[in-house]
Amino acid sequence: MAEPDDPIPLCVPNLAGNEQHYLKAALDDNWVSSAGPYVDRFEEAVAEYTGASHAVATCNGTAALHTALRVAGVEEGDEVLLPTLTFVAPANAVKYLGAEPVFMDVRRETWQLDVDKTGEFLKEQCERVEGRVVNRSSGRRIAAILPVHLMGLAVDMEPLVELTHEWGITLLEDAAEAMGVRYRGSHAGTFGLAGCLSFNGNKIITAGGGGMILTEDEAFADRARYLTTQAKDDPLEYVHEEIGYNYRMTTLQARVGEAQLEQLDDFVERKREIAARYERAIAEMPGLEPMPAPTDVEPTYWLYTMLAAGDGSGPERRTFLGQLRDRGVLARPFWHPVHRLKPYRDNETWRIEAADDLHARGISLPCSTGMTEAEQTKVIETIRDLVY
Ligand SMILES: *Cc1c(COP(=O)(O)O)cnc(C)c1O
């Protein structure tokens, strides 16, 4: 049990459901690897929850992204458009294929991919050449757009879907932070050719680790399943016509994931309560701004994040974070814009402003679904003490 003076963690798993029971049953039945019925069962449960026609389980979300990009036809020398304000995984997945990310800005009001600016980039910098969209400055093909539904909110998908149709560019979604999020009634990750989920330990539901590819396209799902199981063409003779990956989820992961999925609606409810309480408190504090609540989105507020005010009246983010951590509130800064990370400093960017600004001001607060009201009160009181 947590002691009253233990630091309050940022976002930890909540394993109060059937996890132990399901795990024990799997061990008792000798099902631990990817063989057996339980990985399929978890896939079906996630497909049903999200409304996707097909779900392909993977060992983690990054593997899901890598596989989805490859099945979508992203190749060496291609470019993929993605927001710079994100966890680094989607950019890395693009690089695994020898392709290059081109970094777009996010919208200041929603923190999500700026669809207008992305359209501007296509219009001003790209042209159609023999059915392909080519970046004029690099001469490379734009093979896909990969929006990231950030922090339990969602990208404004309707204009983005329109934009990708207009240009004939493949749309893939990184919904790793958006399990349980809906945009205009549909689950995040179900708008493009494929969407990827993560069940990492800090996500809203966890499988210890794990990921999932969602798609409406049966051939896409079949090919993803094939590539994630070492591209085995003859399982008896071990014939492989292509280079695949060992990316399948194990039964142990799937069983934990299934137990977590049973609790997801409760977790979403809990995240919303936590967010509402932070929102009320922070709205009244000088120099701080609460997390946005974009219209058209049913959010989970996966990682509750506030901003130091943009008019200069707010606290200095780095100092403030240190002060919170010194007082046992394990807050964290916003994702580092990926175009500023060493492996990506030479990559092309397009008019990035808001992402840098949000990074300079963002502070994610403890928001585990199992956190107590007393713990949340302590976080709020600690912030209050610091700003007044
Ligand atoms: C967590 C995360 C991933 C990667 O998921 P893993 O399961 O940790 O590999 C990908 N994209 C985003 C935006 C994430 O937050």
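Two strands pair if DSSP finds at least two bridges between them. Keep that in mind as you work through these exercises on a predicted model.

**Exercise 1. Strands that face each other**

Find out how β10 and β11 pair, and which residue of β11 stands opposite Leu197.

*Solution.*
- Step 1: Locate the two strands: β10 covers residues 194–198 and β11 covers residues 211–215.
- Step 2: Look at their bridges. There are five of them, and the pairing is antiparallel.
- Step 3: Go to Leu197 and look across to β11, where Met212 stands opposite.

**Exercise 2. The sheet around them**

Work out the strand order of the seven-stranded sheet and name its edge strands.

*Solution.*
- Step 1: Recall how a sheet is held: its strands pair through backbone hydrogen bonds, either parallel or antiparallel.
- Step 2: Walk across the open sheet and you meet β1-β11-β10-β7-β6-β2-β3, with mixed pairing.
- Step 3: Check the two ends. β1 (54–58) and β3 each pair on one side only, which is what marks the edge strands.
- Step 4: Now see how neighbouring strands are turned against each other: the average is 25 degrees, direction ignored.
- Step 5: Add helix α3, which packs on the sheet and touches β1, β2, β7, β10 and β11. The direction of α3 makes about 165 degrees with that of β10.

**Exercise 3. A second sheet**

Decide which strands of the three-stranded sheet stand at the edges, and say why one side of each lacks a neighbour.

*Solution.*
- Step 1: Read the order of this open sheet, β9-β8-β13, with antiparallel pairing.
- Step 2: β9 (186–187) and β13 (297–298) each have a single partner strand, so one side of each has no neighbour in the sheet.
- Step 3: Zoom in on β8 (residues 182–183), which pairs with β9 over two bridges. Here Arg182 has His187 in β9 as its bridge partner.

**Exercise 4. Two helices together**

Describe how α9 and α12 pack: are they roughly parallel or roughly antiparallel?

*Solution.*
- Step 1: Take α9 (residues 264–283) and α12 (residues 373–387); their axes are 11 Å apart, at an angle of about 30 degrees.
- Step 2: Angles under 35 degrees count as roughly parallel, so α9 is roughly parallel to α12.
- Step 3: Note the handedness: α9 passes α12 in a right-handed crossing.
- Step 4: List who meets whom. Ile274, Arg277, Tyr278 and Ala281 in α9 meet Glu373, Gln376, Thr377, Val379 and Ile380 in α12.
- Step 5: Sort these contact residues by type, and you get five nonpolar, two polar and two charged.

Note on methods
Residues are numbered from 1 along each chain as its sequence is written. This is a predicted model: local features need pLDDT of at least 70, side-chain atom pairs count only at pLDDT 80 or more; totals for chains, interfaces and linings use all residues. Side-chain values use heavy atoms; hydrogens and water are left out. Axes are lines fitted to C-alpha atoms, for helices over the stretch in contact, and angles run from 0 to 180 degrees between N-to-C directions. Helices (H or I, at least four residues) and strands (E, at least two) are DSSP runs, numbered from the N terminus. Angles under 35 degrees count as roughly parallel, over 145 as roughly antiparallel, 65 to 115 as roughly perpendicular and the rest as oblique. A crossing is left-handed if the near helix is turned anticlockwise from the far one by less than a right angle, and right-handed if clockwise. Contact means heavy atoms within 4.5 Å. Ala, Val, Leu, Ile, Met, Phe, Trp, Tyr, Cys and Pro count as nonpolar, Asp, Glu, Lys and Arg as charged, and the others, Gly among them, as polar.
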